[in-house]
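Grab your viewer and work through these exercises one at a time. Each solution goes step by step, so try the task before reading on.

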Amino acid sequence: LIGGFVGVTNSADISLSPAVGNVAVTDQFVIAWQTGPTIFGPWDIEARMLDAATGATSSIVTVANAAAEISVDVSGERSSADNDALIVWQEVGGGIRAAQFQTSTNSAFTPVSITTSATDTEPAISKSGGTVGRHVIVWTQQQATSKAVFAQAVTRNLGMIDVAIGVANFV
């Protein structure tokens with residue numbers, strides 16, 4: 001895609017906090033963002049694909065709309081073993097959620113809970129690692145007098161690998 005701008009959202013709603021990941025096997029970018037009717041929400045997560053070669057866009061898909069969803073991030077798939085991207089976000093008051101986004105059908109799978117603590121915020125996800133498609137999801141957790149960073153390794157299908165580990169503590 002070389003040239004001008006491509007419109008990603010097309011509604012009267014407010015759309016912000018975009019994130020993007022590439023799925024190599026389909027040569028598609030998966031773009032996700034939070035959207036809501038006012039600057040105060042309530043917020044949902046939406047996504048769509050952008051063809052890397054032509055700039056054509058797919059229809060917009062609602063990934064999550066169960067509560068107030070914010071702080072979205074996207075991870076692509078670098079191998080030719082799968083055609084999914086992973087989308088993570090914070091469900092306000094409910095922890096960190098994630099869903100697979102399948103480029104072959106332009107659809108999101110049912111979201112899964114990575115954490116359920118109301119104090120878990122600011123999720124981010126790595127690009128896929130290796131041919132086995134491992135990813136790492138990180139987030140901030142409010143502690144009694146400080147903040148900490150936690151990490152959870154997952155498979156390309158959002159299977160948990162071992163348990164979440166503490167990475168850093170901030171006083």
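**Exercise 1: the aromatic pair**

How many aromatic pairs does the structure hold? Classify what you find, keeping in mind that this is a predicted model.

*Solution.* Start with the count: there is one aromatic pair. Next, check the geometry: the ring centres of W139 and F150 lie 6.3 Å apart and the planes meet at 15°. Planes under 30 degrees apart count as stacked, so W139 and F150 make a stacked pair. Now place the partners in the chain: W139 belongs to strand β11 (residues 135–142), while F150 sits in strand β12 (residues 147–154). They are eleven residues apart, and the pair links distant parts of the chain. Last, look at the accessibility of W139: its relative accessible area is 3%, so W139 is buried.

**Exercise 2: an open sheet**

In what order do the four strands of the open sheet run, and is the pairing parallel or antiparallel? Then work out which strands stand at the edges.

*Solution.* First, the order: β1-β2-β3-β4, with antiparallel pairing. Second, the edges: β1 (14–23) and β4 (61–64) each have a single partner strand, so one side of each has no neighbour in the sheet. Third, the twist: neighbouring strands here are turned by 30° against each other on average, direction ignored. Finally, zoom in on one pairing: strand β3 (residues 44–51) joins β4 in the antiparallel sense through three bridges. One bridge to look up is A47, whose partner in β4 is V61.

**Exercise 3: T35 and T9**

Take two threonines: is T35 buried or exposed, and how does T9 count? List what each touches, skipping residues up to four places away in sequence.

*Solution.* Begin with T35, found in strand β2 (residues 28–36). Its relative accessible area is 3%, and buried means under 20%, so T35 is buried. T35 touches D13, I14, S15, P42, W43, D44 and E46. With S15 there's also a polar contact, side chain to side chain, at 3.5 Å.

Now T9, in the segment before β1. At 36% relative accessibility, T9 counts as partly exposed. Its contacts are S15, W33, R48 and I60. For a distance check, go C-alpha to C-alpha from T9 to A32: 10.0 Å in space, with the two positions 23 residues apart in sequence numbering.

**Exercise 4: the nonpolar cores**

How many residues does the largest nonpolar core have, and which have the most contacts inside it?

*Solution.* The core has 17 residues, and V30, I45, V63, V74, I87, W89 and F101 have the most contacts inside it. To see who contributes, go strand by strand: β1, β2, β3, β4, β5 (69–75), β6 (84–91) and β7 (95–102) each supply at least two residues. Then pick V74 and list its contacts beyond four places in sequence: A19, V20, G21, V30, A32, A85, L86, I87 and I125. Another core lies apart from this one; it has ten residues, including L86, V88, I137 and L158.

**Exercise 5: a loop glycine**

Where is G55 found, and is it buried or exposed?

*Solution.* G55 is in the loop between β3 and β4. Its relative accessible area is 12%, so G55 is buried. To finish, compare sequence with space: G55 and A68 are 13 residues apart in sequence, and their C-alpha atoms are 30 Å apart.

Technical notes. Residues are numbered from 1 along each chain as its sequence is written. This is a predicted model: local features need pLDDT of at least 70, side-chain atom pairs count only at pLDDT 80 or more; totals for chains, interfaces and linings use all residues. Side-chain values use heavy atoms; hydrogens and water are left out. Buried means under 20% relative accessible area, exposed over 50%, partly exposed in between (1.4 Å probe, protein chains only). A polar contact is a pair of N or O atoms within 3.5 Å; within protein, one must be able to donate a hydrogen and the other to accept it, and residues adjacent in sequence count only if both atoms are side-chain atoms. Contact means heavy atoms within 4.5 Å. Rings of Phe, Tyr and Trp (its six-membered ring) pair if their centres lie within 6.5 Å; planes under 30 degrees apart count as stacked, over 60 as edge-to-face and the rest as tilted. Two strands pair if DSSP finds at least two bridges between them. Axes are lines fitted to C-alpha atoms, for helices over the stretch in contact, and angles run from 0 to 180 degrees between N-to-C directions. A nonpolar core is a set of buried Ala, Val, Leu, Ile, Met, Phe, Trp, Tyr and Cys residues joined through side-chain atoms within 4.5 Å.
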